[in-house]
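Good morning, and thank you for joining this group meeting. I would ask you to look at the sequence and the structure as they appear, and then to follow me through a few of their local features.

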Amino acid sequence: MEQNSKTNFFILGVFIFLGLSTLGYFFKNAVVEYKQYDRTVKVKGLSQKEYKADIVIWPISYTQVSNNLEELYKTVEQNNKKIDDFLSSNDIEKSEISFSAPIITDKVAQQYGSEKINYRYNAKQTITVYSKNIDKVRDVKKSLSKLGKQGIVFSGENYNNKTEYIFTRLNEVKPKMIEEATKKAREVAQKFAIDSKSKLGKIKKASQGQFSISQRDKNNPQIKKIRVVSTVEYYLTD
């Protein structure tokens, strides 16, 4: 009876030893694997392209003054017709031209003190050209001075009266640019892996930066610079 108990204890001890040894082996491997996969490299890949804008918004503003309100409105109507005819004769479609209501200012009503006023009424009129034919609009802009010779006093471009060039095809170019940015990120990571005598593993984490759209330079606002940066983190293995 005592001999059987000793035998049973011996067998139990052998199993416990083998179990602890096996557990230790797997634990060791698990630790090594964790440390191995904890080695990563984070890189950035840039994709930058230039595209031509596809919509132009051109506000044409002018001012007109008079001491007679009725005459002022008549002159504004005449000027509007001159501008409309000029644009149409230069192949700007009627559907691309819109006229806002003139803003009339009565300087007498706004006068403070005894300041002398030469013209009581001031009208500001804005005509907007909204077109996809950017080259045509830019050509017409250059010849607008012809109307200035007919007595129309155009306002210069400022913050509130500036020609806008819009790029609307971002969704079209996104996939290709993201692919390029990711490819460049991998190239950088691959170079790092080689230099560190490692092998590049799978992607651990990736994030896509926001797309930015800016004009290429101040002289060519119709040329847009599209930019995106992708950040990718890769595992490194021996």
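**Asp91 and its surroundings**

Let us begin with a single residue. Asp91 is exposed, because its relative accessible area of 52% is over the 50% cut-off. Please keep in mind throughout that we are looking at a predicted model.

Where does Asp91 lie? Asp91 sits in the loop between α2, residues 69–89, and β3, residues 97–99. Its backbone deserves a remark as well: phi of Asp91 is near 70°, which is a positive value in a residue other than glycine.

Asp91 also has a partner. In general, side chains of opposite charge can pair when their charged atoms come close. Here, Asp91 forms a salt bridge with Lys136, and the closest N and O atoms are 3.8 Å apart. This pair links distant parts of the chain, with Asp91 in the loop between α2 and β3 and Lys136 in helix α3, residues 134–142. Along the sequence, the two are 45 residues apart. As for the partner's surroundings, Lys136 counts as partly exposed at 25% relative accessibility.

While we are at helix α3, let me mention Arg138, which is placed in that helix. Arg138 counts as partly exposed, with 21% relative accessibility. The C-alpha atom of Arg138 is separated by 9.1 Å from that of Val56, although these residues are 82 apart along the chain.

**A second residue with positive phi**

Asp91 has a companion in this respect. Lys197 has a positive phi of about 55°, and it is not a glycine. Where is Lys197 found? Lys197 is located in the loop between α5, residues 170–195, and β8. Is Lys197 buried or exposed? At 73% relative accessibility, Lys197 counts as exposed.

**Salt bridges elsewhere**

Let us now turn to salt bridges in general. How many salt bridges are there by the rule applied here? The count comes to 13 salt bridges, and the pair of Asp91 and Lys136 has already been described.

Another of them joins the side chains of Glu172 and Arg169, at 3.8 Å from N to O. Glu172 is exposed, with a relative accessible area of 60%, whereas Arg169 counts as partly exposed at 27%.

Next, Arg216 forms a salt bridge with Asp217, and here the closest N and O atoms are 3.1 Å apart. Arg216 is partly exposed, with a relative accessible area of 37%. Asp217 is partly exposed too, with a value of 26%.

Salt bridges can also be joined into a network. Which residues are linked in a network of salt bridges? They are Lys49, Glu180 and Lys184.

**A patch of positive charge**

We now move to charge on the surface. Lys42, Lys44, Lys204 and Lys205 gather there in a patch of positive charge. Which elements give two or more residues to this positive patch? They are β1, residues 40–52, and β8, residues 199–208.

Let us take one member of the patch, Lys204, which is found in strand β8. Lys204 is partly exposed, with a relative accessible area of 40%. That value satisfies the accessibility requirement for a patch, because patch residues must have over 30% relative accessible area.

Close to the start of β1 in our discussion comes Arg39, placed in the loop between α1, residues 2–38, and β1. Arg39 is partly exposed, with a relative accessible area of 31%. The C-alpha atoms of Arg39 and Tyr234 are separated by 8.6 Å, while the two residues are 195 apart along the chain.

**Aromatic pairs**

Finally, let us consider aromatic rings. A search of the whole structure finds two aromatic pairs. One of them is formed by Tyr62 and Phe154, and its arrangement is edge-to-face, with 6.5 Å from centre to centre and 80° between the planes. The description follows from the angle, because planes over 60 degrees apart count as edge-to-face.

This pair links distant parts of the chain: Tyr62 belongs to strand β2, residues 55–66, and Phe154 to strand β6, residues 153–154. The two residues are 92 apart. Tyr62 is buried, with a relative accessible area of 0%, whereas Phe154 counts as partly exposed at 23%.

Thank you for your attention.

Key
Residues are numbered from 1 along each chain as its sequence is written. Side-chain values use heavy atoms; hydrogens and water are left out. Patches are made of residues with over 30% relative accessible area and no salt bridge: like charges are joined within 9 Å, nonpolar side chains (Val, Leu, Ile, Met, Phe, Trp, Tyr) within 5 Å. Accessible areas come from the Shrake-Rupley method with a 1.4 Å probe; for residues, only the protein chains shown count as cover. A salt bridge is a side-chain nitrogen of Lys or Arg within 4 Å of a carboxyl oxygen of Asp or Glu. Lys and Arg count as positive and Asp and Glu as negative; His and the chain ends are not counted. The place of a charge is taken as NZ of Lys, CZ of Arg, CG of Asp or CD of Glu. Helices (H or I, at least four residues) and strands (E, at least two) are DSSP runs, numbered from the N terminus. Buried means under 20% relative accessible area, exposed over 50%, partly exposed in between (1.4 Å probe, protein chains only). Rings of Phe, Tyr and Trp (its six-membered ring) pair if their centres lie within 6.5 Å; planes under 30 degrees apart count as stacked, over 60 as edge-to-face and the rest as tilted.
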